[in-house]
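Visitor: I'd like to learn how to read a fold like this one. Could you take me through it step by step?

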Amino acid sequence: MARIPAGVELDLGATAKALAADRAARAAAEATADGVLVSLGGDVAVAGDSPAAGWSVGLADDHAAPFPADAPAVSLQSGGLATSGTCVRSWATARGRAHHIIDPRSGAPAGTPWRTVSVAAASCLDANTASTAAMVLGDDAPDWLAQRRLPARLVRNDGSVVFVAGWPGEAEAA
């Protein structure tokens, strides 16, 4: 049982989406006795046998926008991949730009150098949790991810990219 103070709201939508992707992939693989890839709003889960070269998964700052022709892609053999970012769910305030990733230490939008963090993990749920935590951790994220051996791609607000823990080689999306 978990207790939260009165007035506190939890939005578990992203976590639920990642868990749903994991469960849907597992169920589809069992039902078809084949490999499957499930993508729910950019959260990706794979189950069963993957193609020989793995599943090609494109990466973008906005999963709902038209996919850029020159966007990078990675090969996913198993588990899950999730990206957290500040590019889509953001808005202007009197104090400047705000976004939906909240730092629990302050209760305010996380002050982060990253515009997106993509993580590959044993499950989509694990990847989603780690990518959001990395956004909140800011400059400490690469070390935190490396200590946990979680392959990750972190894109700074200026567009420069940091790769962590054996992130798979990138190629242009097919």
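Guide: Start with vocabulary: helices (H or I, at least four residues) and strands (E, at least two) are DSSP runs numbered from the N terminus, and two strands pair if DSSP finds at least two bridges between them. This is a predicted model, where local features need pLDDT of at least 70 and side-chain atom pairs count only at pLDDT 80 or more, while totals for chains, interfaces and linings use all residues. Residues are numbered from 1 along each chain as its sequence is written, and side-chain values use heavy atoms, with hydrogens and water left out.

Visitor: How many helices and strands does the protein chain have?

Guide: There are 3 helices and 13 strands. Of the 174 residues, 36% count as buried (under 20% relative accessible area, with exposed over 50% and partly exposed in between; 1.4 Å probe, protein chains only).

Visitor: Let's try a hairpin. Which residue in the turn between β1 and β2 has a positive phi?

Guide: Gly 41, at about 55 degrees; the hairpin leaves 2 residues between its strands. β1 and β2 run antiparallel and are joined by 5 bridges, with Val 36 opposite Ala 47 in β2.

Visitor: What is the strand order of the 6-stranded open sheet?

Guide: Read across, the order is β1-β2-β5-β10-β11-β12, with antiparallel pairing. β1 (36-40) and β12 stand at the edges with a single partner strand each, so one side of each has no neighbour in the sheet. Neighbouring strands are turned by 10 degrees against each other on average, direction ignored; the axes behind such angles are lines fitted to C-alpha atoms, for helices over the stretch in contact, and angles run from 0 to 180 degrees between N-to-C directions.

Visitor: Which strands does helix α2 lie across?

Guide: α2 (residues 124-137) lies across β2, β5 (79-85) and β10 (114-121), running at about 25 degrees to β5.

Visitor: Now an edge. Is Val 164 buried or exposed?

Guide: Val 164 sits in strand β12 (residues 161-164). Val 164 is buried because its relative accessible area is 6%. β12 is joined by 4 bridges to antiparallel β11 (residues 152-156), and Ala 152 stands opposite Val 164. Beyond neighbours within four places in sequence, Val 164 is in contact (heavy atoms within 4.5 Å) with residues including Pro 142, Leu 145, Leu 150 and Leu 154.

Visitor: And Val 46, buried or exposed?

Guide: Val 46, in strand β2 (residues 43-47), is buried, with a relative accessible area of 10%. With neighbours within four places set aside, the contacts of Val 46 include Ala 25, Val 36, Trp 55 and Leu 76. The C-alpha atoms of Val 46 and Ser 123 are 8.3 Å apart, although 77 residues separate the two along the chain.

Visitor: What about the core: which element gives the most residues to the largest one?

Guide: In general, nonpolar side chains in soluble globular proteins tend to be buried together. A nonpolar core here is a set of buried Ala, Val, Leu, Ile, Met, Phe, Trp, Tyr and Cys residues joined through side-chain atoms within 4.5 Å. The largest has 18 residues, and among those touching the most other members are Trp 114, Val 117, Leu 145 and Ala 152. The elements giving two or more residues are β10, α2, α3 (141-147) and β11, and α2 gives the most, with 5. Val 117 has contacts outside its four-place neighbourhood that include Ala 82, Ala 134, Met 135 and Leu 154.
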